[in-house]
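I'm opening a fresh page for this one. The plan is to look things up piece by piece and jot down what turns up.

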Amino acid sequence: MFRRALSVLFLTLVSLGLTHGAVPEVPEAYSSEGRLFALDNRPQHARLLALDLPRGQVVAELSLPPRGMSLVATPSGRYLLVSRGRDTDRQWLTVVWTGKEEGRWSRPVIAKSLLLGRGWNIGHGSEAYTHGGRLLAFAERDAVAFLFSEEGLAPEAAFQAERVRLPNPDHYHVVEAPEGTYLTLLARGQVVLYPKGLGGEEAGRFPCPVEHGEAFHPETGRKLLRLRPGRSGPGGGQGAGPPGLPRGRGADRSLPEG
């Protein structure tokens with residue numbers, strides 16, 4: 001009986017040793033021409049689906065906080081930012097590594113979950129905001145802008161961001177131009193010019209009622225503001241812009257030089 005017990009103990013120790021031994025590593029690579037990400041939103045459960053193209057094969061399904069609001073990609077395509085809706089006091093900002101690597105695709109994973117602010121505005125369309133070569137995210141209820149590098153989104157890296165105080169809580173748009181950075185305050189109907197970077201000393205403010213987007217046109221050097229059609233600005237004109245600008249119905253307007 002004693003000898004049998006020793007044999008069982010020996011076999012158990014051997015099997016335990018084998019389970020902790022080295023095992024072959026198989027490359028986790030996917031053959032794909034591209035990868036599509038779709039946010040499946042539900043009241044109590046949200047998920048991010050990753051589909052490899054052109055086959056349409058689902059390669060990953062990631063659970064996210066419910067009621068995701070925005071999904072944008074960083075310039076390199078290596079990371080996604082997903083913001084949660086504004087109906088809770090836990091407005092997570094989720095960072096997803098897309099699996100894009102040099103010459104291959106790997107399985108996407110959640111890289112970070114950040115709880116930094118409220119009222120996220122993280123990009124336009126499918127693209128994340130950038131400013132001065134860094135990524136930009138607005139916590140609009142807190143009147144704070146976060147500037148951070150894409151490298152800081154990596155799972156192994158510490159997230160470090162510069163916090164920039166903004167004039168007041170609002171809905172923001174930003175555009176960079178040679179003379180500085182223009183920040184629009186949608187609720188107040190104003191445009192602020194920062195000649196030395198976002199949140200620094202103001203060079204001026206311009207009225208812009210119901211501003212609805214902007215862009216810088218490098219070929220002509222014009223700053224264009226889009227006003228919502230059918231709205232009246234100062235002086236009663238349709239789609240009126242800053243002083244001295246032409247008026248029209250919902251046309252693009254350029255800010256005054258200087």
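Which residue in β13 is the bridge partner of Thr130? I looked it up, and the partner is Leu135. A reminder to myself before I go on: this is a predicted model.

**Entry 1: strand β13 and its partners**

I stayed with β13, which covers residues 134-139. Five of its six residues are buried, so the strand is largely enclosed by the rest of the structure.

Next I checked what β13 pairs with. Strand β12 (residues 127-131) runs antiparallel to β13, with three bridges between the two. They also make a hairpin with two residues between the strands, and Gly132 there has a positive phi near 60°.

Then I looked at β14, residues 144-148. I found five bridges joining β14 to β13, again antiparallel. One example is Phe138, whose bridge partner in β14 is Ala145. This pair of strands is a hairpin too, with four residues between them. In the turn, Ala143 has a positive phi of about 55°.

Strand β10 (residues 120-121) is also on my list: two bridges join it to β13, and the strands run antiparallel. Here Trp120 sits opposite Ala139.

**Entry 2: aromatic rings**

How many aromatic pairs are there? I get a count of four. For Trp120 and Phe146, the ring centres are 5.7 Å apart and the planes sit at 45°, so I noted the pair as tilted. Trp120 belongs to strand β10 and Phe146 to strand β14, so this pair ties together parts that are 26 residues apart in sequence. Are these two buried or exposed? Both Trp120 and Phe146 are buried.

I then turned to Tyr129 and Phe138. Their ring centres are 5.8 Å apart with planes at 70°, so the pair is edge-to-face. Tyr129 and Phe138 are buried as well. There's a cluster here: ring pairs link Tyr129, Phe138 and Tyr172.

**Entry 3: nonpolar cores**

Trp120 came up again when I opened the largest nonpolar core, which has 19 residues. Its members that touch the most other members are Leu81, Val95, Trp120, Ile122, Phe148 and Leu153. I also wrote down the elements that give two or more residues to this core: β5 (79-84), β6 (93-97), β9 (109-114), β13 and β14.

I picked Leu153 for a closer look. Setting aside neighbours within four places in sequence, Leu153 is in contact with Thr74, Tyr79, Leu81, Val95, Ala111, Lys112, Leu135, Phe148 and Phe159. So that I don't forget the other one: apart from this core lies another, of 15 residues, with Leu147, Val164, Val174 and Tyr194 among them.

**Entry 4: Pro155**

Where does Pro155 lie? I found it in the loop between β14 and β15 (161-165). At 46% relative accessibility, Pro155 counts as partly exposed. Not counting residues up to four places away in sequence, Pro155 touches Tyr79, Ala111 and Lys112. I also checked Pro155 against Val95: they are 60 residues apart along the chain, and their C-alpha atoms are separated by 9.1 Å.

**Entry 5: salt bridges**

Last topic for today. Side chains of opposite charge can pair when their charged atoms come close. How many salt bridges does the structure hold? The total is seven, and I went through some of them.

Asp40 makes a salt bridge with Arg47, with 2.7 Å between the closest N and O atoms. Asp40 has 18% relative accessibility, so it counts as buried. Arg47 also meets the side chain of Glu61 in a salt bridge, at 3.0 Å from N to O. Glu61 lies in strand β3 (residues 57-64) and Arg47 in strand β2 (residues 46-53), so the pair ties together parts that are 14 residues apart in sequence. Glu61 is partly exposed, with a relative accessible area of 48%.

Another salt bridge I opened is between Glu202 and Arg205, at 3.0 Å from N to O. Both ends are partly exposed: Glu202 has a relative accessible area of 35%, and Arg205 has a relative accessibility of 34%. Back to the earlier residues for one last note: salt bridges with shared partners join Asp40, Arg47 and Glu61 into one network.

Notes:
Residues are numbered from 1 along each chain as its sequence is written. This is a predicted model: local features need pLDDT of at least 70, side-chain atom pairs count only at pLDDT 80 or more; totals for chains, interfaces and linings use all residues. Side-chain values use heavy atoms; hydrogens and water are left out. A salt bridge is a side-chain nitrogen of Lys or Arg within 4 Å of a carboxyl oxygen of Asp or Glu. Buried means under 20% relative accessible area, exposed over 50%, partly exposed in between (1.4 Å probe, protein chains only). Two strands pair if DSSP finds at least two bridges between them. Rings of Phe, Tyr and Trp (its six-membered ring) pair if their centres lie within 6.5 Å; planes under 30 degrees apart count as stacked, over 60 as edge-to-face and the rest as tilted. Contact means heavy atoms within 4.5 Å. A nonpolar core is a set of buried Ala, Val, Leu, Ile, Met, Phe, Trp, Tyr and Cys residues joined through side-chain atoms within 4.5 Å.
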